[in-house]
Amino acid sequence: MTPAQLTTLLAIVDEGSFESAALELGISPSAVSQRIKALESNVGRVVVRRTTPATATEAGEVLVQAARRMALVQAEAAAELTDRLDRVPLTVAVNADTLATWFKPVLRDAAGWPGTALRLRLEEEERTRALLRRGDVMAAVTRHAAPVSGCEVVELGTVRYIAAASPELRLNYTTHEGLDWAHMPALRFGPNDLLQDEDLGGRLAPGERRARPVSYIPSSEGFVDAAVAGLGWALFPEKQIRPHLRSGELVRLDDLVTEVHLYWQHWRLQSTLLDRLTRSVVRAARGTE
């Protein structure tokens, strides 16, 4: 395989088609096709699914990760030679709560790194391992302490989640026996919100029938706004909704606390930029200067 073939594979996966990759690389679609055919012949595997959008096969995912590593190393080598950073995107997976709360200082730090671009992907912590494994991102905030192959892990700390809702919603679903958890409307970021799917643990008897409406709000700020509006209850980072608790817009529903342990997984790679990003993330998560 050649660097040009790996670069072409990465462009196809990122751009979604052979034609778009050709435009990105400044070559003809025919040249793109020829490079991929040569790559597949070399490795003896199909590396791209010719679908819309085009995606990498399992064999292709291994090569995509290698291509991203190569691209970062090449960009940093070029930057060192020219004494400037031209285009070094740092691809990172974070969840919505993280981006809305403690990750903000990382954005401020990155703004001071000349020529550096961040490409953030919003994804639940439980699913970020797959992105690392496929090579879609070079680092991620995750709930998993076990490292993905080729990655290193740094413990970030613990986020405390508490159950909260508007005062009106709590009042409307309070009975003489307590809160009617089985029927009280709930909120989700989306269908893969595994944390919120565990919200009734310890609150509702196993096997008890649930008959509650569930609303999807795919935005951290919108999630809080929906709760304040009375659309449903959910588990929130305690730090995020503290001002709303003080103002009375939201109220705690019980004393249970869900603790989520977070980790930073990143490629095991000698990279000044990646090291700088890691230090910034750890500093932000731990609240130190």
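**Helix packing, a cis peptide bond and a pocket in a predicted model**

Helix α1 and helix α3 (residues 29-43) pack with their axes 9 Å apart and at an angle of about 115 degrees, which makes α1 roughly perpendicular to α3. The structure is a predicted model, in which local features need pLDDT of at least 70 and side-chain atom pairs count only at pLDDT 80 or more, whereas totals for chains, interfaces and linings use all residues. Residues are numbered from 1 along each chain as its sequence is written, and side-chain values use heavy atoms, with hydrogens and water left out.

Helices (H or I, at least four residues) and strands (E, at least two) are DSSP runs numbered from the N terminus; axes are lines fitted to C-alpha atoms, for helices over the stretch in contact, and angles run from 0 to 180 degrees between N-to-C directions. Angles under 35 degrees count as roughly parallel, over 145 as roughly antiparallel, 65 to 115 as roughly perpendicular and the rest as oblique. The axes of α1 (residues 3-15) and α2 (residues 18-25) come within 8 Å and cross at roughly 120 degrees, and the two helices are therefore oblique to each other.

Beyond these helices, a cis peptide bond with omega of about 0 degrees joins Thr 52 and Pro 53, and Pro 53 lies in the loop between β1 (48-49) and β2 (55-56).

The second largest pocket (an open set of points on a 1 Å grid over the protein atoms alone, where a 1.4 Å probe fits, with protein on both sides within 12 Å along at least five of seven lines) has a volume of about 310 Å³, a volume being the space filled by probe spheres set on the points, which are joined across faces, edges and corners. Of its 18 lining residues (those with an atom within 4 Å of a point), the closest to the pocket centre are Trp 102, Thr 158, Val 159, Arg 160 and Lys 239. The largest share of the lining, six residues, comes from β6, and at least two residues each are supplied by α5 (96-100), β6 (151-165), α11 (238-247) and α12 (272-286).
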